[in-house]
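Reader: I would like a close look at one helix and the aromatic pairs around it. Please keep it brisk and give me the geometry.

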Amino acid sequence: MSKIKKLLVANRGEIALRIMKTAKQMGISTVAVYSEVDRNSPHVKFADEAVLLGPPPSNQSYLLSEKIIEACMQLQVDAIHPGYGFLSENAGFAKKVSDAGLIFVGPSPEAIEVMGSKLAAKNAVSKYGIPMVPGTDEAITDIPAAKKKAADIGYPILIKASAGGGGKGMRIVASEDEFEEQMNRAISEAESAFGDGAVFIEKFITSPRHIEIQVLGDQQGNVVYLFERDCSVQRRHQKVIEEAPSSVVSPEMRKAMGEAAVKVAKACDYYGAGTVEFIVDENLNFYFLEMNTRLQVEHPVTEMITGKDLVKEQILVAEGQSLTFGQNDLTINGHAIEVRVYAEDPRNNFLPDIGKLRTYIKPQGPGIRVDDGFEQGMDIPIYYDPMISKLIVHDESREKAIQKMIHAIDDYQITGIETTLGFCRFVMGHEAFTTGNFDTKFVEKYFSPEKLDIKWTEEEMELLSGLAVEMFERSKNQLIPISNSEGTKRTNWKNRLI
């Protein structure tokens with residue numbers, strides 16, 4: 001067992017800062033790395049020491065594994081935490097860290113390698129009886145044979161990059177006529193994004209939910225699941241809003257998914273924090289998708305409902321300590337929702353926006369958490385993911401959490417750039433979300449830019465004012481009856497929102 005005294009965080013922004021805060025609470029000193037454009041970032045200021053890696057492009061800074069390890073040697077660092085993105089799921093980097101005599105705060109290189117390939121991952125878990133989407137068990141090389149397999153599976157089918165993520169190298173094919181063209185596009189995109197053009201096919205699940213299970217294992221072979229997160233609200237196959245627990249998962253389904261996730265983790269001798277992703281069809285059948293061998297962006301909602309600091313647990317496991325709790329010690333407390341605040345313009349197909357944070361005032365209050373890596377006056381760089389922050393709320397019920405999120409979004413003041421806050425508020429107020437009746441096609445089904453630009457008539461403004469008064473009176477238990485004509489008017493303007 002090796003005690004970590006100094007930790008280098010091989011990342012930037014909000015996740016670097018979030019990891020360092022926990023390390024500081026544990027009495028561990030921290031080292032930041034940064035590119036030239038991040039010189040004045042909060043994570044650099046917060047760290048005890050900081051090392052310049054190079055120019056802004058990630059391949060000249062945050063992806064320089066040798067330079068990062070060299071900095072560890074010079075500063076007598078004990079361990080490296082990779083965060084998410086960049087080098088976090090790079091098996092070669094994890095091995096270099098271990099070979100250098102350092103502790104990698106994450107799983108073994110072997111586990112990363114197996115789960116880093118969707119095909120290898122499917123093969124590893126196939127013997128455990130875990131439900132999987134029908135599809136090919138190996139990369140496509142023979143087009144005619146692949147077409148026959150697709151026909152056997154039944155269209156629509158999905159072509160996916162084996163080494164993929166974030167929706168890259170992914171194509172939906174509706175019929176045999178477009179199979180070859182879409183396959184070539186997927187291969188080209190996969191080669192460009194991951195340097196690996198291997199693709200496979202599987203049945204495309206219509207109206208799916210994206211539900212994932214957080215797992216945590218130690219190096220002694222103990223693995224627990226920390227319940228589920230529903231990540232179904234997405235744009236371009238990337239998550240925008242996450243919540244825990246899911247509104248559609250029953251206790252029985254939760255247990256079945258959790259136990260399946262534990263089997264997936266044990267299939268590769270996994271330790272540390274990881275996430276097993278499932279796709280759920282309209283009949284609530286779940287199928288294994290992949291495993292993410294790192295801390296997830298959306299981990300705070302799990303922390304909120306379990307009371308566990310996942311970064312702390314990662315560090316303790318990396319030191320060789322056993323888990324201090326078992327499955328029966330974990331319970332769900334209330335409900336948590338996270339919205340990702342991106343520097344993107346929802347009115348323009350969510351295209352990234354750059355500029356200066358002229359106003360940046362965060363919401364505050366009980367049950368409100370903001371994980372960010374920016375301050376007022378800073379520029380949003382063009383070189384990295386456009387996420388500004390994660391806004392997380394927690395309350396005793398889903399309904400109260402939604403209302404708290406709406407108020408928190410309204411209190412979040414950002415000017416100088418376009419953000420996804422307006423879109424997130426739209427989702428919080430939409431009937432499909434509030435009722436839990438939504439899937440990964442939420443944006444396609446319900447959102448359009450004009451939804452963010454509703455103009456109220458004088459009559460509607462008067463009605464809204466009346467509603468505000470009514471809510472105030474109702475809060476004093478003085479219930480006011482609603483006339484039929486008023487009810488019709490309210491329904492008309494409410495429909496404009498949904």
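Author: What follows takes one helix, then the ring pairs, then two charges over rings. The model is predicted.

Start with helix α4, which spans residues 91-99. Its buried residues are Ala-91, Phe-93, Ala-94 and Val-97. They lie on the same side of α4, because they cover an arc of only 160 degrees around the axis. The spacing has a general background. An α-helix has 3.6 residues a turn, so residues three or four places apart point the same way.

What covers this buried side? The cover includes α3 (65-74), β4 (79-81), β5 (103-104) and α5 (109-116).

Now the two ends. At the start of α4, Asn-90 places a side-chain oxygen within 3.0 Å of the backbone nitrogen of Gly-92. Just after the helix comes Gly-101, with a positive phi of about 85 degrees.

Next, the rings. The whole structure holds 15 aromatic pairs. One of them joins Tyr-62 and Phe-86. That pair is stacked, with 5.0 Å centre to centre and 20 degrees between the planes. Tyr-62 sits in the loop between β3 (49-54) and α3, and Phe-86 in the loop between β4 and α4, so the pair ties together parts 24 residues apart in sequence. Burial separates the two partners. Tyr-62 is buried, at 0% relative accessible area. Phe-86 is partly exposed, at 30%.

The helix itself supplies a ring to another pair. Phe-93 and Phe-104 have ring centres 6.2 Å apart and planes at 80 degrees, so this pair is edge-to-face. Phe-93 belongs to helix α4 and Phe-104 to strand β5, so the contact ties together parts 11 residues apart in sequence. Phe-93 is buried, with a relative accessible area of 2%. Phe-104 is buried too, at 9%.

Elsewhere, ring pairs build a cluster. Its members are Phe-350, Phe-423, Phe-426, Phe-442, Tyr-446 and Phe-447. Phe-350 also touches Glu-344. That glutamate lies in strand β15 (residues 344-345). Glu-344 counts as buried because its relative accessibility is 1%. Its other contacts include Arg-235, Arg-236, Asp-353 and Glu-418.

Last, charges over rings. Lys-308 lies over the face of Phe-325, 4.1 Å from the ring centre. The charged end of Arg-398 sits over the ring of Phe-433, at 4.7 Å from its centre.

Methods:
Residues are numbered from 1 along each chain as its sequence is written. This is a predicted model: local features need pLDDT of at least 70, side-chain atom pairs count only at pLDDT 80 or more; totals for chains, interfaces and linings use all residues. Side-chain values use heavy atoms; hydrogens and water are left out. Helices (H or I, at least four residues) and strands (E, at least two) are DSSP runs, numbered from the N terminus. Buried means under 20% relative accessible area, exposed over 50%, partly exposed in between (1.4 Å probe, protein chains only). Contact means heavy atoms within 4.5 Å. The arc is that of the directions from the helix axis to the C-beta atoms. A polar contact is a pair of N or O atoms within 3.5 Å; within protein, one must be able to donate a hydrogen and the other to accept it, and residues adjacent in sequence count only if both atoms are side-chain atoms. Rings of Phe, Tyr and Trp (its six-membered ring) pair if their centres lie within 6.5 Å; planes under 30 degrees apart count as stacked, over 60 as edge-to-face and the rest as tilted. A charge sits over a ring if NZ of Lys or CZ of Arg is within 6 Å of the ring centre and within 35 degrees of the ring normal.
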